[in-house]
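Here are some short exercises to work through with a viewer open. Try each one yourself before you read its solution.

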Amino acid sequence: MNYIIFDLEWNNAFNYKTQKGMNEIIEIGAVKLNNNLEFVDTFKQLIKPQVSKKLGSRFKNLTNITMEEINQSGVDFQTAFADFARWTKGEDTLFLTWSTSDLYTLVDNFLKFNGSANIDFITSYADVQKYCMHFIETQNGNQISLSDCAEIFDIDINNLSLHRALEDCYVEALCFKKVYNKELLKQYIHKCDVSFFERLIFKPYSIKPNNKNFDINDVHLSCPKCNGEVQVIREYDYNNNTFKSAGKCIECKNKFWIFVRAKQTYDEIVVNKRLIEINKKRARYIN
């Protein structure tokens with residue numbers, strides 16, 4: 001198996017056509033390891049921005065990349081990733097990034113500039129940050145930075161310029177090699193098809209009234225006291241992403257305030273229900 005560890009540097013750009021911000025990729029770097037985890041090749045390419053011609057101050061301070069440098073050696077997005085795809089060609093290749101944020105940004109840029117969320121040359125993927133954290137104890141499972149991981153693994157990074165894509169890849173590769181376990185790694189590998197990438201960038205959203213795929217009146221309600229069926233006794237109101245009503249249990253006759261939230265995920269609509277008993281005095285006036 002070959003291992004390709006890649007890293008992206010992106011600029012916070014504003015798309016005036018859609019009136020939305022996006023992370024526009026400016027640089028890609030990658031290192032290739034063979035089956036023995038030996039460094040065999042590298043890839044590095046600057047990309048000319050198409051959405052915003054200005055580089056944000058945070059991006060410039062973090063990477064020291066300038067527009068002069070980009071204009072001198074940068075290419076357009078399509079050319080850069082066509083070249084990268086050719087460079088990555090090979091059988092049984094695993095792609096890795098430090099957290100899924102780079103992969104998310106890559107899919108978002110592919111959707112914007114190539115018109116598709118499918119990155120067909122990436123067929124197998126693992127999050128090297130998540131994998132490395134298996135060997136690190138952290139409070140509350142908090143994610144750890146690349147530099148902190150290198151320090152914990154006793155890797156010297158003093159001579160490397162972090163936040164440039166290729167240099168970050170070297171550090172990720174050294175961390176990966178430090179704790180490499182072929183059998184354990186299998187647990188972190190995802191097979192990638194178009195649904196994998198679509199799911200990655202899908203943003204769950206709250207269901208509102210009149211959604212053609214959801215009818216609030218079809219939601220089954222169970223009594224929290226006797227587990228009997230609760231019937232709705234007034235029309236649902238909707239505010240703060242919540243359907244609200246009142247209901248009465250057919251079995252025990254207790255009355256409840258009903259709160260239902262529904263969220264559309266990539267695969268399904270997830271429904272959360274909460275029933276709170278109405279006190280006896282107030283319940284007399286709820287019909």
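Two exercises follow, each with its solution in steps.

This is a predicted model, where local features need pLDDT of at least 70, side-chain atom pairs count only at pLDDT 80 or more, and totals for chains, interfaces and linings use all residues. Residues are numbered from 1 along each chain as its sequence is written, and side-chain values use heavy atoms, with hydrogens and water left out.

**Exercise 1.** Find the strands that pair with E5 (residues 124-127), and say how each pair runs.

*Solution.* Step 1: helices (H or I, at least four residues) and strands (E, at least two) are DSSP runs, numbered from the N terminus, and two strands pair if DSSP finds at least two bridges between them.
Step 2: E4 (residues 93-97) runs parallel to E5, joined by three bridges, and Thr 97 stands opposite Asp 127.
Step 3: E6 (residues 189-191) runs antiparallel to E5, also through three bridges; here Ala 126 has Ile 189 as its bridge partner.

**Exercise 2.** Determine how many disulfides the structure holds, then check Cys 132 and Cys 175.

*Solution.* Step 1: a disulfide is a pair of cysteine sulfur atoms within 2.5 Å; the structure holds zero.
Step 2: for Cys 132, the nearest cysteine sulfur is that of Cys 149, 4.4 Å away.
Step 3: the sulfur of Cys 175 also has Cys 149 as its closest partner, but 3.8 Å is too far for a bond.
Step 4: buried means under 20% relative accessible area, with a 1.4 Å probe and protein chains only. Cys 132 is buried at 0%, and Cys 175 is buried at 0% too.

Key
Buried means under 20% relative accessible area, exposed over 50%, partly exposed in between (1.4 Å probe, protein chains only).
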